[in-house]
Amino acid sequence: MLFKFLRLLKILRVAIKYGLDEIAISGLDVPRTAKLIDTIIFWRDISAPRGQRMRMALEELGPIFVKFGQVLSTRRDLLPPDMAEELAHLQDRVPPFDTDLAIAQIVRSLGAHPDQLFASFERTPVASASIAQVHFAVLKDGKEVAVKVLRPGMKKLIDEDVALMHLAAAWVERIWSEARRLKPREVVGEFDKYLHDELDLMREAANASQLRRNFADSDLLMVPEMHWDYCSSSVIVMERMHGIPVSRLDRLREAGVDLKKLSTDGVQIFFIQMFRDGFFHADMHPGNILVSVAPETFGRYIALDFGIVGTLNDFDKDYLSQNFLAFFRRDYKRVAEAHIECGWAPKETRVDELEAAVRACCEPIFDRPLKDISFGQILLRLFQTSRRFNVEVQPQLVLLQKTLLNIEGLGRQLDPDLDLWKTAKPYLEKWMASQIGVQGMVDRLKAEAPRFAHILPQLPRLVHQALTVAGEPRGADTELLRALIAEQQHTNRLLSFAIYFIGAFGVGVVAFQLALRWNGAH
């Protein structure tokens with residue numbers, strides 16, 4: 001309890017030092033006299049820009065607040081553009097912890113000293129962040145590996161700091177009229193979940209394994225292999241990857257890497273993860289990306305650090321694909337209709353008004369190179385539009401927005417003339433065709449076949465039971481009967497269609513074979 005009280009006092013002291021209270025009341029109807037009294041009582045120099053002051057305050061409060069600032073920088077609906085841009089510069093760089101502590105963590109987690117587990121172990125860490133640090137090592141079979149060790153005492157610190165963030169979010173909802181739509185408590189809740197997910201390194205190892213499996217047959221992206229015999233919730237050991245950091249353009253050029261191809265490959269990787277897999281690396285900033293220059297894998301991306309991943313369900317993918325294609329085709333009416341249909345905009349919203357607002361936001365970006373487009377500004381204008389129409393911001397898409405901004409930054413580095421829209425459009429159209437075309441229908445029938453096989457034998461019995469209920473069915477019984485009949489009719493239609501389709505296909509194959517034999521005979 002004393003520690004929490006002292007931590008709260010430190011947060012208040014830092015907030016006063018950098019004038020965060022002045023930033024908070026600047027958007028509220030507070031009398032000038034109150035502001036003057038506040039400045040007199042808590043004298044400090046607040047001449048620096050507000051975004052810079054907020055960034056410096058979060059850096060002083062420590063790595064957990066730095067991470068939260070990074071998340072906030074992607075929420076252009078919560079912050080003015082100047083503050084969001086400044087928070088985007090936050091770097092998750094902290095001094096490494098003592099190597100003896102790392103060794104003790106390895107002993108506790110894996111049951112043996114690094115000298116017993118590895119042929120060699122480098123005591124000096126090669127990377128250090130708020131959650132963990134990395135040491136290079138060599139297994140006894142000669143394989144080079146990277147050993148990631150969780151920073152001691154992180155769970156307690158995270159729990160205490162995030163609890164304070166939850167309290168602050170509740171205060172924000174009380175004093176800010178737009179807070180209910182922007183869901184600050186849900187934003188903090190999502191951040192809480194991501195942080196605790198990062199604390200379990202086995203989860204990160206599983207994320208890496210999934211991503212590696214998704215791109216097993218790809219020549220675009222490489223993911224390190226996990227050595228499961230050396231993995232635990234506090235220590236993971238993975239294949240050591242060799243490559244050039246994607247931010248070192250000079251070295252990439254010297255190695256002969258095609259930067260334009262690299263930029264388009266990055267866009268393709270993003271959309272493959274989003275639409276094909278519904279599972280994406282959500283922390284793809286340049287510090288987590290290498291480029292291979294080995295002859296057999298030359299020019300491929302190498303992904304690192306899998307603590308944060310995002311997932312999309314079928315509804316999200318369908319909604320996003322329709323909106324992306326509608327944007328690409330400049331069908332702003334369809335964008336407006338999609339927002340209303342999925343319930344993100346109120347049902348009483350006029351489609352033509354929302355259509356006009358979206359057009360005003362997006363029309364200027366087309367047919368321009370990436371170097372002339374700021375997705376941050378586009379997101380800001382879209383969020384301003386959302387406020388006007390009471391469109392609710394969806395917390396589950398925050399990571400996707402963050403990843404898109406990372407892709408923008410990467411694209412600017414590699415090829416400032418890259419047109420993200422033209423690069424992505426053919427892939428999206430191909431993906432949509434696979435979903436709504438004949439092949440997509442056949443694939444869905446195959447996927448649903450086990451469920452139909454389970455339901456069909458039960459339907460006659462369930463319908464019979466419903467029909468033999470004494471008396472006239474009322475209320476819930478009527479609804480149950482209607483639901484059962486509707487389900488049976490729906491299933492019968494699907495089965496009939498499938499039988500007709502398979503029968504027609506079979507007849508076509510037989511006719512084709514007979515025609516070939518007839519031609520061969522003559």
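D197 is buried in this predicted model, with a relative accessible area of 14%, and its side chain meets that of R203 in a salt bridge of 3.4 Å, N to O. R203, at 40% relative accessibility, counts as partly exposed, so this salt bridge joins a buried residue to a partly exposed one. In the structure as a whole, a search finds 21 salt bridges, and several of them are described below together with one helix, two loop residues and a nonpolar surface patch.

**The chain overall**

- The chain contains 23 helices and eleven strands, and buried residues make up 45% of its 522 residues.
- Among contacts between residues at least 6 apart in sequence, 69% join residues that are at least 24 apart.
- The accessible surface of the chain comes to about 27,800 Å², and 58% of this area belongs to carbon and sulfur atoms.

**Helix α12**

- Helix α12 covers residues 201–214, and its 14 residues reach 20 Å from the first C-alpha to the last, which is close to the 20 Å expected at 1.5 Å a residue.
- The N-terminal end of α12 is capped by D200, which places a side-chain oxygen 3.1 Å from the backbone nitrogen of M202.
- The buried residues in α12 include L201, E204, A205 and N207, and A208, L211 and N214 are also buried.
- An α-helix has 3.6 residues a turn, so residues three or four places apart point the same way.

**Other salt bridges**

- E86 forms a salt bridge with R55, in which the closest N and O atoms are 2.5 Å apart. The pair links distant parts of the chain, since E86 belongs to helix α6 (residues 81–87) and R55 to helix α4 (residues 50–61), with their positions 31 residues apart in sequence. Both E86 and R55 are buried.
- K156 and E160 are joined through their side chains by a salt bridge of 3.0 Å, N to O, and both residues lie in helix α9 (residues 154–175), four residues apart, or about one turn of the helix.
- Within the K156 and E160 pair, K156 counts as exposed at 52% relative accessibility, whereas E160 is buried, with a relative accessible area of 12%.
- R13, K17 and E60 are linked to one another in a network of salt bridges.

**Two buried loop residues**

- D415 is placed in the loop between α19 (398–414) and α20 (420–436), and it is buried, with a relative accessible area of 8%.
- The side chain of D415 is joined to that of K260 by a polar contact of 3.2 Å; when residues up to four places away in sequence are not counted, D415 touches K260 and S263.
- T349 is found in the loop between α16 (332–341) and α17 (351–362), where it is buried, with a relative accessible area of 13%.
- Leaving aside neighbours within four places in sequence, T349 is in contact with I340, L354 and F389. T349 and F389 are 40 residues apart in sequence, yet their C-alpha atoms are 7.2 Å apart in space.

**A nonpolar surface patch**

- F5, L6, L8, L9 and L12 form a nonpolar patch on the surface, and together they have about 450 Å² of accessible area.
- L6, one of the residues in this patch, is located in helix α1 (residues 2–17) and is partly exposed, with a relative accessible area of 47%.

Conventions:
Residues numbered from 1 in each chain as written. Predicted model: local features only at pLDDT ≥ 70, side-chain atom pairs only at ≥ 80, totals over all residues. Heavy atoms only, no water. Expected span 1.5 Å × (residues − 1). Buried < 20%, exposed > 50% of the residue type's maximum accessible area, 1.4 Å probe, protein only. Polar contact = N/O pair within 3.5 Å; in protein donor to acceptor, adjacent residues only side chain to side chain. Patch = residues over 30% accessible without salt bridge, like charges linked within 9 Å, V, L, I, M, F, W, Y side chains within 5 Å. Areas by Shrake-Rupley, 256 points an atom, 1.4 Å probe, with all protein chains shown as cover. Salt bridge = Lys/Arg side-chain N within 4 Å of Asp/Glu carboxyl O. Contact = heavy atoms within 4.5 Å.
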